[in-house]
Amino acid sequence: ALVISGIPADKVYGTTWFNYIHPDDLQRVEQSLEKLIKFESGIEELEYRFIHSDNSIVYVLSNTTIDYVNGVALGLVGTITDITGLKVAQAKMAESEKRFRDLADMLPQTLWEANLERRFTYLNKKALDVYGYTDDDIDKGLYVDDVLAPDDVERALQSVGEVIMNGGTSEGEYMALRKDGSLFPVKIFGT
């Protein structure tokens, strides 16, 4: 905590590390420790922010337990790991993903992404409009099989399987299925 807080050791002794926790996180940290003390066992893992001596914010991950000797609680023992780099990388990734989604939502074509279980992880606005689905439908579990005519599902899956196994791209014409049950022709390009 001395390196993370930037406070010299002679200034830390006699104070509490609570002094260096970001005020917006303090109540959550206190509740976590109260829970640990109440149950008298276990390890509490928690992410929160420290305020460095230069007033910058340091994101930390702490793991804390109670130090017992002969059944008597002497204090808390734990580790604090600086995860600021991770948080910065996550923020950059989230911003990059937002830019991608904003750009994808401006496209006049449908664009979607699905995982290996064929569950959609993303459909742009045009795809939602064309197929008649909502973001809630995606969150509940919408699959590639749900948007293709039953007769075309196997052929489409075979094409996707070849791309996964061999790399490259695929292209095929299929009958798509809207949420309302109506069919329409599509050309699907995959990678």
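The largest pocket has a volume of about 950 Å³. A pocket is an open set of points on a 1 Å grid over the protein atoms alone, with protein on both sides within 12 Å along at least five of seven lines, and its lining residues have an atom within 4 Å of a point. Grid points are joined across faces, edges and corners, and a volume is the space filled by probe spheres set on the points. The model is predicted: local features need pLDDT of at least 70, side-chain atom pairs count only at pLDDT 80 or more, and totals for chains, interfaces and linings use all residues. Residues are numbered from 1 along each chain as its sequence is written, and side-chain values use heavy atoms, with hydrogens and water left out.

**Largest pocket**

- Trp-112, Ile-188, Phe-189, Gly-190 and Thr-191 are the closest to the pocket centre among the 34 lining residues.
- Two or more lining residues come from each of strand S4 (112-114), helix H5 (125-131), helix H7 (150-166), strand S6 (170-177) and strand S7 (183-190); helices (H or I, at least four residues) and strands (E, at least two) are DSSP runs, numbered from the N terminus.
- H7 contributes the most to this lining, with 7 residues.
- By class, the lining of the largest pocket holds 20 nonpolar, 9 polar and 5 charged residues, where Ala, Val, Leu, Ile, Met, Phe, Trp, Tyr, Cys and Pro count as nonpolar, Asp, Glu, Lys and Arg as charged, and the others, Gly among them, as polar.

**Nonpolar cores**

- A nonpolar core is a set of buried Ala, Val, Leu, Ile, Met, Phe, Trp, Tyr and Cys residues joined through side-chain atoms within 4.5 Å; buried means under 20% relative accessible area, exposed over 50%, and partly exposed in between (1.4 Å probe, protein chains only).
- In the largest core, of 18 residues, Leu-123, Tyr-131, Leu-148 and Val-186 touch the most other members.
- Strand S5 (120-123), H5, H7, S6 and S7 each give two or more residues to this core.
- Apart from the largest core lies another, of 13 residues, which includes Ile-7, Ile-21, Tyr-48 and Ile-66.
- Beyond its neighbours within four places in sequence, Tyr-131 is in contact (heavy atoms within 4.5 Å) with Thr-110, Val-147, Ala-176, Leu-177, Arg-178, Lys-179, Phe-184 and Val-186.

**Cavity**

- A cavity is a set of grid points where a 1.4 Å probe fits but cannot get out, and the count comes to 1 cavity of 30 Å³ or more.
- The largest cavity encloses about 40 Å³ of space.
- Its lining consists of Trp-17, Val-29, Ser-32, Leu-33, Glu-44, Leu-46, Tyr-48, Ser-62 and Thr-64.
- Helix H3 (23-39), S1 and S2 each give two or more residues to the lining of the largest cavity.
- This cavity lining has 5 nonpolar, 3 polar and 1 charged residues.

**Individual residues**

- Asp-25, in helix H3, is buried at a relative accessible area of 5%.
- Outside its neighbours within four places in sequence, Asp-25 is in contact with Tyr-48 and Arg-49.
- His-52 lies in the loop between strand S1 (44-51) and strand S2 (57-69), and outside its neighbours within four places in sequence His-52 is in contact with Val-3, Ile-4, Ser-5, Gly-6 and Val-58.
- Asn-55, in the loop between S1 and S2, has a positive phi of about 70° although it is not a glycine, and Asn-55 counts as exposed at 63% relative accessibility.
- Arg-118, in the loop between S4 and S5, has a positive phi near 75° and is partly exposed, with a relative accessible area of 33%.
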